[in-house]
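Visitor: Please pick one part of this protein and take me through it closely. I would like to see how that part fits with what surrounds it.

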Amino acid sequence: MLELFVAQLKWSWIQYKRYAHEVLGGVIALSITFYGLFLSVGYIAGSGFRFGDRLDAVIVGYTLWSLVIFIMNGINATLQREAQVGTLEQLFISPFNITKILLLRAVSDLLLQCGVITIVLFIIMALTGRWLSFSAALILPLITVILGAYGLAFAIGSLALIFKTVQQIAGILNFSLLFVLTIPTETWSGVQKILGYLIPMTTGAGLMRDMMARQAGLNWGTFAIALINGLIYFVIGITLFRWSERETKRRGRLSGY
């Protein structure tokens, strides 16, 4: 297990070094996109408008969205890339389970991508002049968001195994996640708040906005709900992927990917 993870981490590092220009391009594109939106909203609102901690909250949501988009596209992109180079069948007949391989590869990619997203976050903070609060406890709600993201990623991967191409679905979902990760569910109450607990990743994202934008402490009760939410979506995603894996093998459709 450890040897497989180390091998996947080395593979990810080689890919990052080989395509460093794409990483740099991603950092620039994400930073410029947010700053363009920031300038546009400021112009529309007028010079007298004050964002307050709302801008900080939006920065947190946008940064999380950038990370989640990477996670969401990772599983699907890996399946399509392996299919195009003709090595997808080898993954399925490997001594290691295909789900375990993809998960460890995704985690190794995530470790490197977190560094890239951190750079984007600091560039955005420098451009906007808004500096967020950081603490070690942030890792806890971040884990809940990552769990939910991987659950959705494996669910999309299961569709990719069955239907082969899911670019349109993935594209629509990517834009929808920007709304999911920026809506202020932490300010909702009553029935709305209960509904917010059911939406993937929103509770964890709300905790991170409170901690980074409003300097609040970690609410352990809300964290427990966010963790349960993330685990449920993760289990659902893994279950769907395992089912699609068995169904694809039964149909013998790997070569027709």
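Guide: An axis here is a line fitted to C-alpha atoms, for a helix over the stretch in contact, and the angle between two axes runs from 0 to 180 degrees between their N-to-C directions. Two packed helices are described by that angle and by the distance between the axes. The model is predicted.

The setting comes before the part. The protein has 10 helices and 0 strands. Of its 257 residues, 44% are buried. Among contacts with a separation of 6 or more, 81% join residues 24 or more positions apart.

The part to look at is helix α6, which covers residues 139-163. Start with its partner α9, residues 202-213. The axes of α6 and α9 come within 8 Å and cross at roughly 150°. Angles over 145 degrees count as roughly antiparallel, and therefore α6 and α9 are described as roughly antiparallel to each other. The crossing in which α6 passes α9 is left-handed. On the α6 side the contact is made by Pro141, Leu142, Thr144 and Val145. On the α9 side it is made by Gly204, Ala205, Leu207, Met208 and Met211. Sorted by class, the residues of this contact are 7 nonpolar, 2 polar and no charged.

A second partner of α6 is α5, residues 98-128. The axes of α5 and α6 are 12 Å apart, and the packing angle is about 135°. That angle falls outside the ranges for roughly parallel, roughly antiparallel and roughly perpendicular, so α5 and α6 are oblique to each other. Their crossing is right-handed. From α6, the residues that meet α5 are Ile146, Tyr150 and Phe154. From α5 come Thr99, Leu102, Leu103, Ala106, Val107 and Leu110. This contact holds 8 nonpolar residues, 1 polar residue and no charged ones.

Helix α5 also packs with another helix, α1 (residues 2-18), at an angle of about 45° and with the axes 9 Å apart. This pair is therefore oblique, and α1 passes α5 in a right-handed crossing. Val107 of α5 takes part in the contact with α1, and Val107 is also among the residues that meet α6. The contact of α1 with α5 divides into 12 nonpolar, 4 polar and 3 charged residues. Among its members are Trp11, Trp13 and Tyr16 of α1 and Lys100, Arg105 and Asp109 of α5.

Now return to α6 and move along to Ser158, which lies in this helix. Its relative accessible area is 6%, and so Ser158 is buried. Not counting residues up to four places away in sequence, Ser158 touches Leu240, Phe241 and Ser244.

Next, the nonpolar core. The largest one has 56 residues. Helix α6 is one of the elements that give two or more residues to this core, the others being α2, α3, α5, α7, α9 and α10. Helix α3 gives the most, with 13 residues. The residues with the most contacts inside the core are Leu64, Val68, Ile71, Leu177 and Met201.

Val68 leads back to α6. Leaving aside neighbours within four places in sequence, Val68 is in contact with Val145, Ala149, Leu177, Leu181 and Met201. Val145 of α6 is also part of the contact with α9.

Met201, another residue on that list, sits in the loop between α8 and α9. With a relative accessible area of 2%, Met201 is buried. Its backbone deserves a look too. Most residues other than glycine have a negative phi. Met201 has a positive phi of about 75° although it is not a glycine. Gln215, in the loop between α9 and α10, also has a positive phi, near 55°, without being a glycine. At 53% relative accessibility, however, Gln215 counts as exposed.

One residue of helix α3 rounds off the tour: Tyr62. Tyr62 counts as buried, at 5% relative accessibility. Tyr62 touches Leu30, Thr33, Phe34, Ile124 and Thr182, residues up to four places away in sequence being left out. Tyr62 and Thr182 are 120 residues apart in sequence, yet their C-alpha atoms are 7.1 Å apart in space.

Methods: Residues are numbered from 1 along each chain as its sequence is written. This is a predicted model: local features need pLDDT of at least 70, side-chain atom pairs count only at pLDDT 80 or more; totals for chains, interfaces and linings use all residues. Side-chain values use heavy atoms; hydrogens and water are left out. Helices (H or I, at least four residues) and strands (E, at least two) are DSSP runs, numbered from the N terminus. Angles under 35 degrees count as roughly parallel, over 145 as roughly antiparallel, 65 to 115 as roughly perpendicular and the rest as oblique. A crossing is left-handed if the near helix is turned anticlockwise from the far one by less than a right angle, and right-handed if clockwise. Contact means heavy atoms within 4.5 Å. Ala, Val, Leu, Ile, Met, Phe, Trp, Tyr, Cys and Pro count as nonpolar, Asp, Glu, Lys and Arg as charged, and the others, Gly among them, as polar. A nonpolar core is a set of buried Ala, Val, Leu, Ile, Met, Phe, Trp, Tyr and Cys residues joined through side-chain atoms within 4.5 Å. Buried means under 20% relative accessible area, exposed over 50%, partly exposed in between (1.4 Å probe, protein chains only).
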